[in-house]
Amino acid sequence: MKRRKPCLTLFAVALLFTACTGEDALTPSHADTDPFVVSAADNRPDTRLRRDFHDKNGSYLLFNDTLANGELLDNGYVMTAAENNIVYTYDYLSSFNEKQNAARFIEHDLLPHLGKRLRPFSFLLVSGIHRWTRNGTSFYQNYDESDTPQLVTGVRSTAIAMKSVPSDPEERKTYAQTLLKSILSNAIVLQSGGKVDAFKAVSKDAYGGLYDGPTPANEAENMSLMNAKGFISVHYSYGFPYFGAYPTVSEDVTAYVVLALEATADAVETTYLSYPKIIEKYRLMTEVLNELGYIR
């Protein structure tokens, strides 16, 4: 298995940045070429698998994070961030059989539930994923489960760690549902318009903010405070609930995606009878999922 080190990633990014500053290179090379496309003349087993996957499913298939033009995928990039401090490195799948099985898992267990609007632009299928945080010129990890995520969604690709996929068929279905919830949540966070905007509008004044009254004394008081604002989750900081802090958009969307997929309308209305905002957001989330093409 091949693992790219963070320092190499930064070096490549630095080279790209330097190239952009040259006076003669006003037009990037390969500007007329899609670096995700597999050449029709390339008949190696890997490339045939990638080409057939795209023709059949509409999403590109990748087995490493270097595109055809030498560009590196940057799944840590966030368009709204002033600076990107997150870098991901990967352990690659080593054999064609592993790659074939990985593609089959995506086709059989994930894609049947995802309409075209919910399908990632590309899937990066690897053995393992490693998350690093940059601090100046060095990198560090958190020494917890966040160091090895199962799935990472970037602007142009969703990376999935295949070594975590169970071999047992029933366990694999359950695992696929966990991945689907993450894919759906990430897709909805990036969506705008229609029911998505209506959902986010219900609690928009509270997202990421702090309660201006006394800090809740315990988890029950904190959750009651969250519920009153239309939240069914809490905000986490360094892995622990942050009492009096309202969830982010991402935390809120993730919680409601899970609720919409796992709970019936009758159960939600009974459980949250005293919190009409929650009932409204549940209804809107189920409509969002249908609108975007989630297939149960």
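This is a short walking tour of the structure, stop by stop, with something to select at each one.

**Before you start**

You are looking at a predicted model, in which local features need pLDDT of at least 70 and side-chain atom pairs count only at pLDDT 80 or more, while totals for chains, interfaces and linings use all residues. Residues are numbered from 1 along each chain as its sequence is written, and side-chain values use heavy atoms, with hydrogens and water left out. Helices (H or I, at least four residues) and strands (E, at least two) are DSSP runs, numbered from the N terminus.

**Stop 1: the four-stranded sheet**

Select β1, β3, β7 and β6. In that order the four strands form an open sheet with mixed pairing; two strands pair if DSSP finds at least two bridges between them. At the edges you will find β1 (60-62) and β6 (151-153), each pairing on one side only. Neighbouring strands here are turned by 15 degrees against each other on average, direction ignored. For this and later angles, axes are lines fitted to C-alpha atoms, for helices over the stretch in contact, and angles run from 0 to 180 degrees between N-to-C directions.

Now keep β3 and β7 (residues 158-161) on screen: they pair in the parallel sense over four bridges. Click on Leu124 and look across to β7, where its bridge partner is Ala159.

**Stop 2: Leu125**

Move one click along to Leu125, which lies in strand β3 (residues 122-126). Is Leu125 buried or exposed? Its relative accessibility is 0%, so Leu125 counts as buried; buried means under 20% relative accessible area, exposed over 50%, and partly exposed in between (1.4 Å probe, protein chains only).

Next, show what surrounds Leu125. Leaving aside neighbours within four places in sequence, Leu125 is in contact with Leu61, Leu62, Phe63, Leu93, Ala102, Ala103, Ile106, Ile160 and Met162. Contact means heavy atoms within 4.5 Å. If you like, draw a distance from Leu125 to Lys163: their C-alpha atoms are separated by 10.0 Å, and the two residues are 38 apart along the chain.

**Stop 3: helices across the sheet**

Add helix α2 (residues 45-57), which lies across β1 and β3 and runs at about 150 degrees to β1. Then add helix α4 (residues 169-190): this one lies across β6 and β7, at about 20 degrees to β6.

**Stop 4: α4 with α7**

Keep α4 and bring in helix α7 (residues 249-262). The two pack at an angle of about 130 degrees, with their axes 9 Å apart. α4 and α7 are therefore oblique to each other; angles under 35 degrees count as roughly parallel, over 145 as roughly antiparallel, 65 to 115 as roughly perpendicular and the rest as oblique. Their crossing is right-handed. A crossing is left-handed if the near helix is turned anticlockwise from the far one by less than a right angle, and right-handed if clockwise.

Which residues meet here? From α4 come Lys181, Leu184, Ser185, Ile188 and Val189, and from α7 come Ser250, Val253, Thr254, Val257, Val258, Leu261 and Glu262. By class, this contact has seven nonpolar, three polar and two charged residues. Ala, Val, Leu, Ile, Met, Phe, Trp, Tyr, Cys and Pro count as nonpolar, Asp, Glu, Lys and Arg as charged, and the others, Gly among them, as polar.

**Stop 5: α5 with α9**

Now select helix α5 (residues 194-202) and helix α9 (residues 276-292), which pack at an angle of about 160 degrees with axes 9 Å apart. That makes α5 roughly antiparallel to α9. This crossing is left-handed. Show side chains to see the contact: the α5 side includes Phe199 and Val202, and the α9 side includes Leu284 and Met285. The contact residues divide into seven nonpolar, no polar and six charged.

**Stop 6: the three-stranded sheet**

Select β2, β4 and β5, an open sheet in that order with antiparallel pairing. Its edge strands are β2 (86-91) and β5 (138-140), each pairing on one side only. Neighbouring strands are turned by 40 degrees against each other on average, direction ignored.

Zoom in on β2 and β4 (residues 128-135), which pair in the antiparallel sense over six bridges. Tyr88 has Arg131 in β4 as its bridge partner, and Asp91 stands opposite Gly128. Colour β2 by side: Ile86, Tyr88 and Tyr90 point one way, Val87, Thr89 and Asp91 point the other, and all are buried.

**Last stop: Asn222**

Finish at Asn222 in helix α6 (residues 219-228). Asn222 counts as buried because its relative accessibility is 1%. Beyond neighbours within four places in sequence, Asn222 is in contact with Pro216, Val234, Tyr242, Phe243 and Gly244.
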